[in-house]
Amino acid sequence: MLGAAVYLALALGTTEVNWERVWEGLPRGKQFLLAFAPPDFASRGEDILDGILESLWMTAVSTVIGIMLSVPVALGAARNIAPLPVYYFCRAVIAISRSFQEVILAIFFVKLFGFGPFAGVVTLSIATVGFFAKLLAEDIEDMDASQAEAVRATGSGWFQWLNYGIQPQVMPRFIGLSLYRLDINFRESAVVGIVGGGGIGATLDTAFDRYEFDSAAAILIVIIAIVMCAEYSSSYIRRWVQ
Amino acid sequence: MPTSIRNGSQIWRRRERGRQLAVWAAWFSGTLIFVYCFKLISDKTTWLFVLDAWTQTQDMAYRMVPPNWSYLNVLWRPLWDTINIATLGTVIAVIIAVPVAFLAARNTTPSVAVVRPIALLVIVSSRSINALIWALLLVAIVGPGVFAGIIAIALRSIGFVAKLLYEAIEEIDPNQVEAVAATGAGRGQVLAYGIVPQIMPAFAGITVFRWDINIRESTVVGLVGAGGIGLELSSQIMELGWSSVSIILLAIIATVVVSEWVSAKVRHAII
């Protein structure tokens with residue numbers, strides 16, 4: 001408690017806030033919000049549609065690639081089925097890909113692969129690995145070892161053991177995580193565009209740069225609507241799977 | 001047990017024929033969607049730049065190594081700012097998210113028809129707009145600096161904290177609440193003695209979890225001018241100071257690892 005109080009005092013004391021500037025900005029903020037209303041879907045309608053579609057493609061491709069990359073990493077990062085050196089290596093891969101925000105990764109991949117959706121896809125795929133492999137590995141670690149052992153006792157090979165002993169146990173979680181990641185990747189595709197990774201983020205950034213706040217509001221509303229749809233449908237699919 | 005007959009003998013099958021076909025069809029359509037989307041992406045890609053990537057990687061690695069260690073001295077202040085953005089942002093978010101969560105939970109909301117949908121809309125809007133976009137807006141309104149970052153992180157976290165918290169509230173044991181109400185407790189007392197003790201562990205866990213995520217997020221809000229280490233990162237990238245960039249990246253990894261360790265410790269202590 002005391003530590004928290006000391007920290008708060010220190011943090012508040014050293015945070016430089018230019019209150020004058022904040023105060024000055026408030027009326028501007030009001031103007032800003034007024035500029036958002038009413039949202040203008042029409043005048044940049046084609047660009048918005050293009051951006052949204054590009055974001056959706058990026059989401060689909062990067063989720064699939066990300067999951068394909070994550071499965072071997074997750075197997076390696078599960079303590080109960082991987083040898084120790086492999087375990088440490090895979091955990092390190094996960095830690096590194098989790099440390100960096102999508103945007104930071106995107107800056108580098110845009111430099112390496114050039115502007116456009118490809119850099120965005122690579123970014124989201126790598127980011128998916130950190131998330132998906134970590135949670136899947138935890139699920140594999142929590143599985144019932146006796147089932148896997150029973151399959152092994154029938155004399156199955158390594159792949160058969162994976163496919164019949166482990167895969168059925170983690171499948172519900174696997175599907176749930178994939179849907180969740182699909183949702184996250186769509187939301188993140190809205191920001192990788194700000195640094196040049198394509199998708200709706202690029203459209204949004206352009207709208208801000210042109211001070212077309214009514215178009216920006218339209219884009220934000222479209223993003224919120226799609227995320228809401230995704231959230232509802234994913235909860236239905238998850239219920240249907242279980 | 002599903003079986004099939006081949007050469008007169010029964011053979012074990014994993015699934016019935018219809019189910020097997022359904023699974024196969026799902027895989028097939030999934031693959032089609034993937035290939036089609038990939039084609040659309042690849043049409044928009046300049047492959048010349050992609051093929052060039054290996055040379056670019058080597059070039060970048062050459063510039064980033066060795067890291068410019070002396071630059072570390074400049075970084076302490078932005079790092080401290082980054083941690084403050086995450087912590088103060090989490091504190092503000094929690095203060096706002098708690099009432100929102102109580103308004104959104106089916107069993108504590110004053111009105112299911114009016115208040116609950118509004119609370120849910122607040123949660124969804126805050127969750128679907130990334131901290132970076134909030135920061136972009138706030139930098140224009142309150143000016144560049146740490147303050148914009150704190151508010152951006154707070155606005156973004158409200159939805160997350162409120163969503164997990166209201167799910168926890170909906171899962172509480174109603175018997176305990178009833179028992180407290182049966183003693184003649186008022187609405188506020190029921191809240192304080194019947195509900196709050198039940199959600200306290202979940203609440204603490206969610207807060208620490210979000211703080212951990214916020215440490216990561218606060219490293220990027222600086223890219224659009226909202227203070228912290230992201231500001232240094234973007235300025236060094238602009239100046240092509242790659243050897244300093246590698247130091248910043250190492251500092252970010254170190255911060256994230258420490259924060260993850262701290263949050264694991266705290267969660268362990270709570271649960």
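Let's walk through a hairpin in chain B and then a few salt bridges in this predicted model.

Start near the beginning of chain B, where strand β1 (residues 3-6) runs antiparallel to strand β2 (residues 9-12), and 4 bridges join the two. To see the register, look at B:Ser4, which stands opposite B:Ile11 in β2(B). The two strands form a hairpin with 2 residues between them. In that turn you will find B:Asn7, whose phi is positive at about 55 degrees.

Now turn to the charged side chains. Over all chains, the whole structure holds 17 salt bridges. One of them is in chain A, where A:Arg210 pairs with A:Glu212, with the closest N and O atoms 3.9 Å apart. Here A:Arg210 is partly exposed, at a relative accessible area of 43%.

What does B:Arg210 meet in a salt bridge? Its partner is B:Glu217, at 3.6 Å from N to O. B:Arg210 is buried, with 3% relative accessibility, and B:Glu217 is buried as well, at 4%. Both count as buried because the cut-off is under 20% relative accessible area.

Finally, visit helix α9 (residues 187-218) of chain B, where B:Asp212 and B:Arg216 lie 4 residues apart, so about one helical turn separates them. Their side chains meet in a salt bridge of 3.8 Å, N to O, and both residues are buried. The pair also belongs to one network, in which salt bridges with shared partners join B:Asp212 and B:Arg216 with A:Arg98 and B:Glu260.

Key
Residues numbered from 1 in each chain as written. Chains lettered and ligands numbered in written order. Predicted model: local features only at pLDDT ≥ 70, side-chain atom pairs only at ≥ 80, totals over all residues. Heavy atoms only, no water. Pairing = 2+ DSSP bridges. Salt bridge = Lys/Arg side-chain N within 4 Å of Asp/Glu carboxyl O. Buried < 20%, exposed > 50% of the residue type's maximum accessible area, 1.4 Å probe, protein only.
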